[in-house]
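Please work through the exercises below with the sequence and the model open side by side. Each task is followed by a solution that goes step by step.

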Amino acid sequence: MEGINKQRIFERNDEQLNEDGDYVLYWMQINRRFQYNFALEYAVELANKLNKPLLIYEGLSCDYPWAADRFHHFITEGMAENLEYAQNNDFNYYSYLEDEPGAGSGLLYTLADDACAVITDEFPVFIIREHNEQVAPKFDIPFITVDSNGLIPFGLTDKAPYNAYFFRKIMQRNFITCYKHGPKKNPLHDLENENDITLSSDFLEKYPRAYSHLDNPTGFINSLDINHEVGKIDLEGSREAALNRLDQFVQNGLKVYDEKRNDPDEEKTSGMSPWLHFGKISEYEIVKAVLEHQPKGWSLDDITFNKGSTGGFFNGDPNVDGFLDEVITWREVGFHFAHHEPDYDQYESLPGWALKTLEKHKDDPREYIYDLEEFAQSKTHDELWNAAQTQLREEGIIHNYLRMLWGKKVLEWTPNPETALVYLIELNNRYAIDGRDPNSYSGIFWIFGRFDRAWQERPIYGKVRYMTSKSTRRKVKLDEYLQRYGNRGSQQALEL
Ligand SMILES: Cc1cc2nc3c(=O)[nH]c(=O)nc-3n(C[C@H](O)[C@H](O)[C@H](O)COP(=O)(O)OP(=O)(O)OC[C@H]3O[C@@H](n4cnc5c(N)ncnc54)[C@H](O)[C@@H]3O)c2cc1C
């Protein structure tokens, strides 16, 4: 990869290429797609340079934090689709599903024994960050991570952006170059050496291909020692489902995004976050599809650097501008923050002003206090909060506006902010299909002041922004939402 995209490449050790290796290995960890994927593109380029075939390995372990039916179903649906695509297009793809904790240990190193180099996804949070840090020194071949997370390469920021305005300035300066150097649609079309790679029978006996389990994921998933209470949801984890959803959004939601995005009854946001999280679709594709809906005659020449302000940059349809600010600036500020801040999930990583004001108000009396499971089962006194939690628990998602209120109230109804943070991380990551993402930590830490500024001082919140269910009910359309989740939530809570 050339030019600006070199800023996406991270060489994690100093080892030499094994030119006698049988293949280049691409370990697909989070960008679980064959299209618009910079890491795959880099792996193909390296394979071509060495005149070697490429082996793509995609796996799923069963003992990651918060492992549950919900995530396993979503991921295996995507893996089944990838397997079919690989079979139809005849390239070397090997997928593995772990059936008990530890069964897959050693697999990656065994595959790497015959490889020239290992390429994988750069991802700044959760177990993928840990994996990349832990395995890098253990290889005696190059271990290279490639950032295919967003439009702005990680290498373009040199420290954790402290707010969206700061990051937006960097985005605005680099948008056109980055957009023009987007990922290739089908990097595998460029692969020159298409020789078949044969995995040994010993290897396949120990680590069988995922074929049969992908045919019947329900039976397989039921047999695993994971959390079965967090159940499957209606969303399908395939790329096809992601592309359909994007298409529906650009045809319907986009033209009213600005006006209706905050109204839960309208359901006019894109709903892309689950597929973005599991890498079934790239941010670049979304931006491209949306820019094609700018008014007739609009071109990249209409873009003007606007010193980090929200409006006046794309200079097209305000709905498109508003949506792009979310999917580029707000999405990526959290990725870049976590990339530069290893303590992204620690309370102490909050800005100094927030830590100070929360500390000052730590002992303020709280009218309501709930424990984790009361929150989890929607057992608070607040109908709207319970409805949001019910939507999260049962459907794996909360509408964006309510997600903010949902978080703010946990800060108010727990003994102290540190406990609130622990509860929010647990609730979000236990239930949200898009959880365990850099945006999970952006959203949760925003509740406590990250990326925000000081507001008028109040009890409990101090100078951290405050929200109420009452004002939310006044501001946004909620009647249908409450009918759908409200009573059901309360009824359920009563039964528990
Ligand atoms: C307490 C709390 C927890 C959150 N947890 C998560 C999480 O686990 N995973 C997650 O992806 N997002 C999280 N968010 C951010 C945001 O709520 C979701 O990204 C958004 O609601 C997803 O819905 P959508 O795809 O319809 O968004 P759209 O409005 O259609 O926006 C398109 C995309 O832009 C990005 N985006 C939109 N709003 C935000 C935002 N406020 N911050 C960062 N990126 C944004 C997302 O990638 C989203 O998919 C959280 C926010 C809060 C306040």
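## Exercise 1: Around the ligand

Task: find which polar side-chain atom lies 2.7 Å from an oxygen atom of the ligand, and then describe the ligand's other surroundings.

Solution. Begin with Ser440, since a polar side-chain atom of Ser440 lies 2.7 Å from an oxygen atom of the ligand. Bear in mind throughout that this is a predicted model, in which side-chain atom pairs count only at pLDDT 80 or more. Next, take Asn428, which places a polar side-chain atom 2.9 Å from an oxygen atom of the ligand. Then turn to a nitrogen atom of the ligand, which is 3.3 Å from an N or O atom in the side chain of Arg403. Finally, widen the view to the 23 residues that surround the ligand, of which the closest are Tyr257, Thr269, Ser270, Gly271 and Asn400.

## Exercise 2: The length and the buried side of α9

Task: check whether the span of helix α9 agrees or disagrees with its number of residues, and work out where its buried residues lie around the axis.

Solution. First, consider the length: at 1.5 Å a residue, the 15 residues of α9 (residues 239-253) should span 21 Å, and the end C-alpha atoms are 20 Å apart, which agrees. Second, list the buried residues of α9, which are Arg239, Ala241, Ala242, Leu246, Phe249, Val250 and Gly253. These residues cover an arc of only 165 degrees around the axis, which puts them on the same side of α9. Third, ask what covers them: the elements include α2 (69-89), α10 (257-260), α11 (273-277), α12 (283-291) and α13 (318-340).

Now step back to Ser238, in the loop between α8 (217-222) and α9. Ser238 counts as buried because its relative accessibility is 2%, under the 20% cut-off. Leaving out residues up to four places away in sequence, Ser238 touches Gly78, Glu81, Trp275 and Lys280.

## Exercise 3: An enclosed helix, α16

Task: establish how many of the 13 residues of α16 are buried, and then examine the two ends of this helix.

Solution. Start with the span: for the 13 residues of α16 (residues 383-395), 1.5 Å a residue gives an expected 18 Å, and the end C-alpha atoms are indeed 18 Å apart. Next, count the burial: 10 of the 13 residues are buried, so α16 is largely enclosed by the rest of the structure. Among the buried residues are Leu384, Trp385, Gln389 and Arg393. At the start of α16, a side-chain oxygen of Asp382 reaches to within 2.9 Å of the backbone nitrogen of Leu384. Just after α16, Gly396 takes a positive phi of about 80 degrees.

## Exercise 4: The two sides of α14

Task: sort the residues of α14 into buried and exposed, and name the helices against which the buried residues pack.

Solution. In helix α14 (residues 352-360), the buried residues are Ala354, Thr357 and Leu358. They cover an arc of only 100 degrees around the axis, which puts them on the same side of α14. On the other side of α14, Gly352, Lys356 and Lys360 are exposed. The buried residues pack against α17 (400-412) and α18.

Continue into α18 (residues 417-431), where Tyr423 is found. Tyr423 counts as buried at 15% relative accessibility. Its contacts, leaving aside neighbours within four places in sequence, are Tyr370, Asp371, Leu372, Phe375, Val410 and Thr414.

## Exercise 5: Cysteines and positive phi

Task: state how many disulfides a search of the whole structure finds, and describe where Trp66 and Glu267 lie.

Solution. A disulfide is a covalent bond between the sulfur atoms of two cysteines. The search of the whole structure finds 0 disulfides. Cys62 is buried, with a relative accessible area of 3%, and Cys116 is buried as well, at 0%.

For the backbone, look at Trp66, whose phi is near 70 degrees, a positive value in a residue other than glycine. Trp66 lies in the loop between β3 (54-60) and α2, and counts as partly exposed at 24% relative accessibility. Glu267, likewise not a glycine, has a positive phi near 50 degrees. Glu267 is in the loop between α10 and α11, and counts as exposed at 52% relative accessibility.

Notes
Residues are numbered from 1 along each chain as its sequence is written. Side-chain values use heavy atoms; hydrogens and water are left out. Helices (H or I, at least four residues) and strands (E, at least two) are DSSP runs, numbered from the N terminus. The expected span of a helix is 1.5 Å times one less than its number of residues. Buried means under 20% relative accessible area, exposed over 50%, partly exposed in between (1.4 Å probe, protein chains only). The arc is that of the directions from the helix axis to the C-beta atoms. Contact means heavy atoms within 4.5 Å. A disulfide is a pair of cysteine sulfur atoms within 2.5 Å. A residue is near a molecule or strand if one of its heavy atoms lies within 4 Å of it. A polar contact is a pair of N or O atoms within 3.5 Å; within protein, one must be able to donate a hydrogen and the other to accept it, and residues adjacent in sequence count only if both atoms are side-chain atoms.
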